[in-house]
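User: I should like a close look at a single part of the structure shown below. Please treat that part in detail and then place it in its wider setting.

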Amino acid sequence: MNIREIRAKNILSKSQIYDYALNPYVGCQHACVYCYAKFMKRFTGHKEPWGKFVDVKINAQELLECEVKKKKVGRVWISGVCDPYQPLERKYMITRRCLGLLAEADWPFTIQTKSPLVLRDLELIKRSKDAEVCFTITTTDERIRKIFEPGAPPSAKRTEALARLRSEGIRTLAMIAPILLGAEGLIDGLQGKVDQIIVDRLNYHYADWAYRKYGLEWAMEDGFFRNKADELKAAFEEEGIPCKIVF
Ligand code: SF4
């Protein structure tokens, strides 16, 4: 693993999903084979395989301190790319420090992660007037999870973390994206744990090799994604959980 400490020029970037995106890390130890953030390799000069390098923005906190004073208040997405609670966050605590600043400045934020490490910062998140946590969860089949998300925590740990966050009064979301084999297990797995669900298909070709290697090509067809998305939406809405398909 090539870990490099870098000094970024700015930390709040414009986002098409929320007002701002804040990315404390470039690169991600979760190493998902379908990860769309791999495009960052082109812009950062990294030659290592995805999941084998991380640049740590060690000046994120000082940049954020200045930027929250100068910029218009808006919702911050942590992170748009590269998991803010990947294992290195345990040591560096960059995400934690940025959350503390946002909570203090009364800026709303949405955390996007696959890791229950977010629970470490529970008290801090609760201090915010408007925080929400979105977990990406794609399957309950651990065999599939290990193929496609080899460095990420097991799905059961993610649903447990969602349950805890919600029981503490935090708004929770689950993003089932991309829909993988075994996604239907989430119909039971997410009951009572989330306020909203978002479903998306696989849009990127990075994962083709894995589907071919394991003879799963049929699970990357348009029909598979459409049928599975419709099944998930119908089942969640029957249980009173709003579910949005975004493809
Ligand atoms: S957790 Fe997200 S950013 Fe990290 S490798 Fe997986 S898809 Fe990419």
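The part to be examined is strand 5, residues 53-57.

Analyst: This is a predicted model, in which local features need pLDDT of at least 70 and side-chain atom pairs count only at pLDDT 80 or more, while totals for chains, interfaces and linings use all residues. Residues are numbered from 1 along each chain as its sequence is written.

Strand 5 covers residues 53-57 (strands are DSSP E runs of at least two residues, and helices are H or I runs of at least four, both numbered from the N terminus). It belongs to an open sheet of three strands with the order 1-5-4 and mixed pairing, where two strands pair if DSSP finds at least two bridges between them. Strand 1 and strand 4 stand at the edges with a single partner strand each, so one side of each is left without a neighbour in the sheet.

The two pairings of strand 5 can be taken in turn. Strand 1 (residues 2-6) runs parallel to strand 5, and five bridges join them. Within this pairing, Asn-2 has Phe-53 as its bridge partner, and Ile-3 has Val-54. Strand 4 (residues 25-26) runs antiparallel to strand 5 and is joined to it by two bridges; here Val-26 is partnered by Asp-55.

As to burial, strand 5 is mostly covered, with five of its five residues buried; a residue is buried if 20 or more other C-beta atoms, placed from the backbone, lie within 10 Å of its own. In a regular strand the side chains alternate between the two faces of the sheet. Both faces of strand 5 are covered: Phe-53, Asp-55 and Lys-57 are buried on one side, and Val-54 and Val-56 on the other. The buried Phe-53 and Asp-55 thus reappear as the bridge partners of Asn-2 and Val-26.

For the wider setting, the domain assignment, which is automatic or from a database, gives domain 1 (1-134) and domain 2 (137-247). The C-alpha centres of these domains lie 22 Å apart. Contact (C-beta atoms, placed from the backbone, within 7 Å) involves 22 residues of domain 1 and 24 residues of domain 2. On the side of domain 1 that touches domain 2, helix 5 (122-127) and strand 8 (131-136) each supply at least two residues. Strand 8 gives the most to that side, with four residues.

Conventions: Buried ≥ 20, exposed ≤ 12 C-beta atoms within 10 Å, placed from the backbone. Contact = placed C-beta atoms within 7 Å.
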